[in-house]
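Let's take a walk through this model together, one residue or element at a time. Keep the structure open beside you as you read.

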Amino acid sequence: MASTYEECRAECVGLYLCLNRDILKIFGHEGEGADNILYINWLNMVRAGLLGLEFYTPETETWRQAHMQARHVILRVLLEAGQGLVTITRTTDEDGQPNAIITLDHSKIETVGKEAIGTFLRNLQVYKSTGDFVGAKAYYGQYSAVNDDTPEKFLNLREVVMLQKQPRRMFVQVNTKLSEGGSVELCEYEATATGIVESFIDRFSEAYESNVYDLWQKDKQHF
């Protein structure tokens, strides 16, 4: 439990401190820009808490990823705060597939949200500082338990999350090259495995490959 507990504590510190306007001002963020930063930061967290259900295994009632368990716990804390701060609404797509919309009330982040996260973070710290493992496990466990005992019915909601799961996105590096006229051209590739290979081929010439091979021949005696 230590790993996910510490990750959750760290995430809560980030959420709480991002509400400090003086800190945002140090980095040049004020006014509407600062408002957008704190809103997006909190919205990303509650969204991750919902999508994190993917990493819960119902058969063994265990979490496979410490970070995602922590984010789900934070989502539960903010839902518990009530007052319309965070809501989850079941919907149906045009193709008839079940879906869900998670909503965060921007106007209540710095009041209801701040109080909820502050209290939760303080409790986490007290359990840790006093070495109360039994209390910490029970307290943390009530938020990370996934079942249908809550109004949101998270165990059932997990099925929706898995149904709506999208393929993992691929990061493909673009390249630049000089045209015959001397201008710089941008080379883009498809976000697929083929695109990744093509990007690497274009980036590294045959001469580069030869140089790497020569270095390997020189140093292979050491391996």
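Start by clicking on glutamine 69, which touches Thr4, Trp63, Tyr140 and Ser144 once you ignore residues up to four places away in sequence. Bear in mind as you look around that this is a predicted model. Glutamine 69 sits in helix 4. Is this glutamine buried or exposed? Its relative accessible area is 13%, and because anything under 20% counts as buried, glutamine 69 is buried.

From there, move on to the nonpolar interior. The largest nonpolar core has 43 residues, and the members that touch the most others are Cys8, Trp42, Leu75, Leu78, Val86, Ile88 and Phe120. Which elements supply at least two residues each to this core? On the helical side they are helix 1 (2-17), helix 3 (31-51), helix 4 (66-81), helix 5 (109-129), helix 6 (133-144) and helix 7 (154-163), and strand 3 (86-92) and strand 4 (98-104) do so too.

Valine 86 is a handy spot for looking around in that core. Setting aside neighbours within four places in sequence, valine 86 is in contact with Val46, Leu75, Leu78, Leu79, Ile102, Thr103 and Leu104. Two of these partners, Leu75 and Leu78, are also on the list of core residues that touch the most other members.

Now for how the helices pack, beginning with helix 3 and helix 4. Their axes come within 7 Å and cross at roughly 110°. That angle falls in the 65 to 115 degree range, so helix 3 is roughly perpendicular to helix 4. The crossing of this pair is left-handed. Helix 3 brings Trp42, Met45, Val46, Ala48, Gly49, Leu50 and Leu51 to the contact, while helix 4 answers with Met68, Arg71, His72, Ile74, Leu75 and Leu78. Sorted by character, the residues of this contact are 10 nonpolar, two polar and one charged.

Helix 3 has another partner to look at, helix 5. Here the axes come within 13 Å and cross at roughly 50°. That makes helix 3 oblique to helix 5, and helix 3 passes helix 5 in a left-handed crossing. Leu38, Tyr39 and Trp42 make the contact from helix 3, and they meet Ile109, Glu110, Gly113, Lys114 and Ile117 of helix 5. This set divides into five nonpolar, one polar and two charged residues. Trp42 is worth finding on screen: it is in the contact with helix 4 and in the contact with helix 5.

Let's finish with a few residues outside those contacts. Glutamate 159 is in helix 7, and at 53% relative accessibility it counts as exposed, because the cut-off is over 50%. How far apart are glutamate 159 and threonine 57 in sequence and in space? They are 102 residues apart along the chain and 11 Å apart in space, C-alpha to C-alpha.

Two loop residues have backbone angles to check. Glutamate 61 lies in the loop between strand 1 (56-57) and strand 2 (62-63), and its phi is positive, about 55°, although it is not a glycine. Glutamate 61 is exposed, with a relative accessible area of 63%. Lysine 153, in the loop between helix 6 and helix 7, also isn't a glycine and has a positive phi, near 50°. At 41% relative accessibility, lysine 153 counts as partly exposed.

Conventions: Residues are numbered from 1 along each chain as its sequence is written. This is a predicted model: local features need pLDDT of at least 70, side-chain atom pairs count only at pLDDT 80 or more; totals for chains, interfaces and linings use all residues. Side-chain values use heavy atoms; hydrogens and water are left out. A nonpolar core is a set of buried Ala, Val, Leu, Ile, Met, Phe, Trp, Tyr and Cys residues joined through side-chain atoms within 4.5 Å. Buried means under 20% relative accessible area, exposed over 50%, partly exposed in between (1.4 Å probe, protein chains only). Helices (H or I, at least four residues) and strands (E, at least two) are DSSP runs, numbered from the N terminus. Contact means heavy atoms within 4.5 Å. Axes are lines fitted to C-alpha atoms, for helices over the stretch in contact, and angles run from 0 to 180 degrees between N-to-C directions. Angles under 35 degrees count as roughly parallel, over 145 as roughly antiparallel, 65 to 115 as roughly perpendicular and the rest as oblique. A crossing is left-handed if the near helix is turned anticlockwise from the far one by less than a right angle, and right-handed if clockwise. Ala, Val, Leu, Ile, Met, Phe, Trp, Tyr, Cys and Pro count as nonpolar, Asp, Glu, Lys and Arg as charged, and the others, Gly among them, as polar.
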